[in-house]
Amino acid sequence: MAPRHRDWLLHHEGLTASTALPSYEKWDVPRLAAFTSPDSAPDDLVLAADLLGFYFLFDDGFDSDLGRAPAQVAEICTRLTALLYGKGPAPEVRTPVEKAFADLWERSARGMSDRWRARSAYNWEWYFACHPAEAAGRLSGRLPDRESYLALRRGTAAMETLFDMVERLNGFELPQEMLHHPTLRRMRQLAADIPSFTNDVHSYTQELARGDVANMVMIVRDERGGTPAEAALQVMREAQAMVDRFVELSSEVPEICALFGLTPDAREAARRYVDGLAAWIAGYHRWEIDTGRYDH
């Protein structure tokens, strides 16, 4: 494990209450940061690793009975959301998770525009606010349909917050006309869904054992019948089709830049943003196929 990331975890040791540090080290989170942010400076890679560690450990905190108590989960997430807006619990009474997140948010937002901060705060709020619904799903035990799954998964996967960090970790901000262009929005959705689909294949056994229902392999098996292996293969086929579509759409970006008359710097920002999304797709898959996080 990268020493600076380990130091951060030890400083926020309460964050790892649900996962022993030796087990966490097998996940090799700094390697995931390097794969998904290959062009970032060393300090920014440390921030990327710390953020990724927070996502995993925060999510794992709901693998206990707490993950079946929607009201308690909502209270935890509301307190975290308040920190985004300079409110919430005072530093001296914050929980370990709140202290860790407050540190990450301050470091992430440092030097970024008000527009970026507002967007990122909204995406973090979306991420936190979906956890009570996920807890309610576990409590009900009902398998969601595909549309309901996607509505929830697109929040709990936190990918929009990670795509905001593509800008932060690489030192640029995308012009708003590019960020919200339909082609870029579609690419961002594909780049968010692909890791969720492949992750569901790798985490299927663990999630089945603990009673989770928000898993695409389970949903495809319910839709089509057959074995879990057949359902997993279909999920991977769908993920590959999304990759192919992402590549097709990426070829349209230079023309969009030209139509907008973007400056050379803005065009370079658009190129780097597309590269950042692609790095997430490829880097996450490269990491997940042999990380110790999904050992069965």
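**Exercise 1. Cysteines**

Work out whether cysteine 257 counts as buried or exposed in this predicted model, then say how many disulfides a search of the whole structure finds.

*Solution.* Start with accessibility. Cysteine 257 has a relative accessibility of 4%. The cut-off for buried is under 20%, so cysteine 257 counts as buried. Cysteine 77 goes the same way: its relative accessibility is 3%, so it counts as buried too.

Now the disulfides. Searching the whole structure turns up zero of them. Take cysteine 77 as a case: the nearest cysteine sulfur belongs to cysteine 130 and sits 9.4 Å away. A disulfide needs the two sulfurs within 2.5 Å, so cysteine 77 is in no disulfide.

**Exercise 2. Two residues of helix α6**

Find out which residues leucine 104 contacts beyond its neighbours within four places in sequence, and do the like for arginine 107.

*Solution.* First, place them. Leucine 104 lies in helix α6, which runs over residues 96–109, and arginine 107 is found in α6 as well.

Next, burial. Leucine 104 has a relative accessible area of 0%, so it is buried. Arginine 107, at 15%, is buried too.

Then the contacts. With those sequence neighbours set aside, leucine 104 is in contact with Trp8, Leu47, Asp50, Leu51 and Phe54. On the same terms, arginine 107 touches Trp8, Val46, Leu47, Asp50 and Arg168. Arginine 107 also has a side-chain partner in aspartate 103, through a polar contact of 2.9 Å.

Last, look back at cysteine 257: leucine 104 is 153 residues from it in sequence and 33 Å from it in space, C-alpha to C-alpha.

**Exercise 3. Positive phi**

What is the phi of aspartate 28, and in which loop is aspartate 28 found? Answer the like for alanine 158.

*Solution.* Recall the background: most residues other than glycine have a negative phi.

Aspartate 28 has a positive phi of about 55°, though it isn't a glycine. It is found in the loop between α2 (21–25) and α3 (29–36). With a relative accessible area of 31%, aspartate 28 is partly exposed.

Alanine 158 also has a positive phi, near 65°. This residue comes just after α8, in the loop between α8 and α9 (159–170). Alanine 158 has a relative accessible area of 5%, so it is buried.

**Exercise 4. Helix α8 and the core**

Which helices do the buried residues of α8 pack against, and which residues touch the most other members of the largest nonpolar core?

*Solution.* List the buried residues of α8 (146–156): Tyr149, Leu150, Leu152, Arg153, Gly155 and Thr156. They pack against α7 (114–140), α11 (182–209) and α12 (216–224).

On to the core. It holds 91 residues, and those touching the most other members are Phe54, Phe101, Trp124, Phe128, Met178 and Tyr273. Zoom in on phenylalanine 101: leaving out residues up to four places away in sequence, it touches Phe54, Leu80, Leu83, Leu84, Trp124 and Phe128.

**Exercise 5. The largest pocket**

Which helix supplies the largest share of the lining of the largest pocket?

*Solution.* Begin with the space inside, about 790 Å³. Of the 44 lining residues, Asp59, Arg153, Asn199, Glu207 and Arg293 are the closest to the pocket's centre. Now go helix by helix: α4 (42–60), α7, α8, α9, α11 and α15 (264–288) each supply at least two lining residues. The largest share is seven residues, and it comes from α11.

Definitions and conventions
Residues are numbered from 1 along each chain as its sequence is written. This is a predicted model: local features need pLDDT of at least 70, side-chain atom pairs count only at pLDDT 80 or more; totals for chains, interfaces and linings use all residues. Side-chain values use heavy atoms; hydrogens and water are left out. Helices (H or I, at least four residues) and strands (E, at least two) are DSSP runs, numbered from the N terminus. Buried means under 20% relative accessible area, exposed over 50%, partly exposed in between (1.4 Å probe, protein chains only). Contact means heavy atoms within 4.5 Å. A polar contact is a pair of N or O atoms within 3.5 Å; within protein, one must be able to donate a hydrogen and the other to accept it, and residues adjacent in sequence count only if both atoms are side-chain atoms. A nonpolar core is a set of buried Ala, Val, Leu, Ile, Met, Phe, Trp, Tyr and Cys residues joined through side-chain atoms within 4.5 Å. On a 1 Å grid over the protein atoms alone, a cavity is a set of points where a 1.4 Å probe fits but cannot get out, and a pocket is an open set with protein on both sides within 12 Å along at least five of seven lines; lining residues have an atom within 4 Å of a point. Grid points are joined across faces, edges and corners, and a volume is the space filled by probe spheres set on the points.
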